[in-house]
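Here are some notes to read alongside the model. They may help when you decide where to look.

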Amino acid sequence: MRVLLTGVSGTGKSSLVRELRNRGCSAFDADDDGLTEPRPDGAWGWRVDLVRALFDQHHDTLLFFAGCADEQAQFEFDFRVLLTAPVEVVLERLLTRSTNSFGRSQDERDRVLDDIAWVVPLLRDSADLVIETTTTVNKVADVVVDAVADRRRRPPS
């Protein structure tokens, strides 16, 4: 089963991946695990060949994959989780996080605000689960793991 953890920068994807790994799950972060590259327009996109290889390698296991890029439409996911947070929380996280420098410049924050306005509604439409990440990452992980377990118990339709 493949689970997409998606959302704009600053919603907690990387933190959730770290928590899932701490719980023994197979979890990958497109940015932190070297599965993205810059595009000519300045945005970052998934390295499709590497993501496909990762998915092939884990074809028979539960795999959590975190990222948000146009390329996610090229992949099949069994469960899609949208992570969200209020705009002011996202902006604060971008300015204060220490694990990723994206979001420090005004241009990058403007890009995130644009994504919140037009990308998040599209992601929301295709999400199986939407979680606001203003609680602890432990609680967010509990909700995700429980929802995935629930989905896995259901017979295929």
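The points below cover the sheet, the open pocket, the enclosed cavity and the cysteines.

1. Please keep in mind throughout that this is a predicted model. Each volume, angle and accessibility quoted here is computed from that model.

2. Let's start with the sheet. Its 5 strands run in the order β2-β5-β1-β6-β7, the sheet is open, and the pairing is parallel. β2 (26-29) and β7 (129-132) stand at the edges; each has a single partner strand, so one side of each lacks a neighbour in the sheet. From one strand to the next, the twist averages 20 degrees.

3. At the β2 edge, which strand is joined to β2, and by how many bridges? The partner is β5 (residues 63-66), which runs parallel to β2 and is joined to it by 4 bridges. If you would like a spot to check on screen, D29 stands opposite A66 in β5.

4. Next, the open space. The largest pocket has a volume of about 1,200 Å³. It is lined by 49 residues, and the closest to its centre are G7, V8, S9, K13 and C68. The elements that give two or more residues to this lining are α1 (13-22), β4 (44-46), α3 (87-96), α4 and α5 (137-153). Of these, α4 gives the most, with 8 residues.

5. What is the make-up of that pocket lining by class? The lining of the largest pocket has 16 nonpolar, 20 polar and 13 charged residues.

6. Now the enclosed space. A search of the whole structure finds 1 cavity of 30 Å³ or more, and about 40 Å³ of space lies in the largest cavity. Its lining consists of L4, T6, Q72, R80, V81, L82, L123, S126 and A127. β1 (2-6), β6 (79-84) and α4 (106-126) each supply at least two of the lining residues, and β6 gives the most, with 3. By class, the lining of the largest cavity has 5 nonpolar, 3 polar and 1 charged residues.

7. α4 deserves a second look in your viewer. This helix supplies at least two residues to the lining of the largest cavity, and α4 also gives the most to the lining of the largest pocket.

8. Finally, the cysteines. The count of disulfides comes to 0. Are C25 and C68 buried, partly exposed or exposed? C25 counts as partly exposed because its relative accessibility is 23%. C68 also counts as partly exposed, at 32% relative accessibility, and C68 is among the residues closest to the centre of the largest pocket.

Terms used: Residues are numbered from 1 along each chain as its sequence is written. This is a predicted model: local features need pLDDT of at least 70, side-chain atom pairs count only at pLDDT 80 or more; totals for chains, interfaces and linings use all residues. Side-chain values use heavy atoms; hydrogens and water are left out. On a 1 Å grid over the protein atoms alone, a cavity is a set of points where a 1.4 Å probe fits but cannot get out, and a pocket is an open set with protein on both sides within 12 Å along at least five of seven lines; lining residues have an atom within 4 Å of a point. Grid points are joined across faces, edges and corners, and a volume is the space filled by probe spheres set on the points. Ala, Val, Leu, Ile, Met, Phe, Trp, Tyr, Cys and Pro count as nonpolar, Asp, Glu, Lys and Arg as charged, and the others, Gly among them, as polar. A disulfide is a pair of cysteine sulfur atoms within 2.5 Å. Buried means under 20% relative accessible area, exposed over 50%, partly exposed in between (1.4 Å probe, protein chains only). Two strands pair if DSSP finds at least two bridges between them. Axes are lines fitted to C-alpha atoms, for helices over the stretch in contact, and angles run from 0 to 180 degrees between N-to-C directions.
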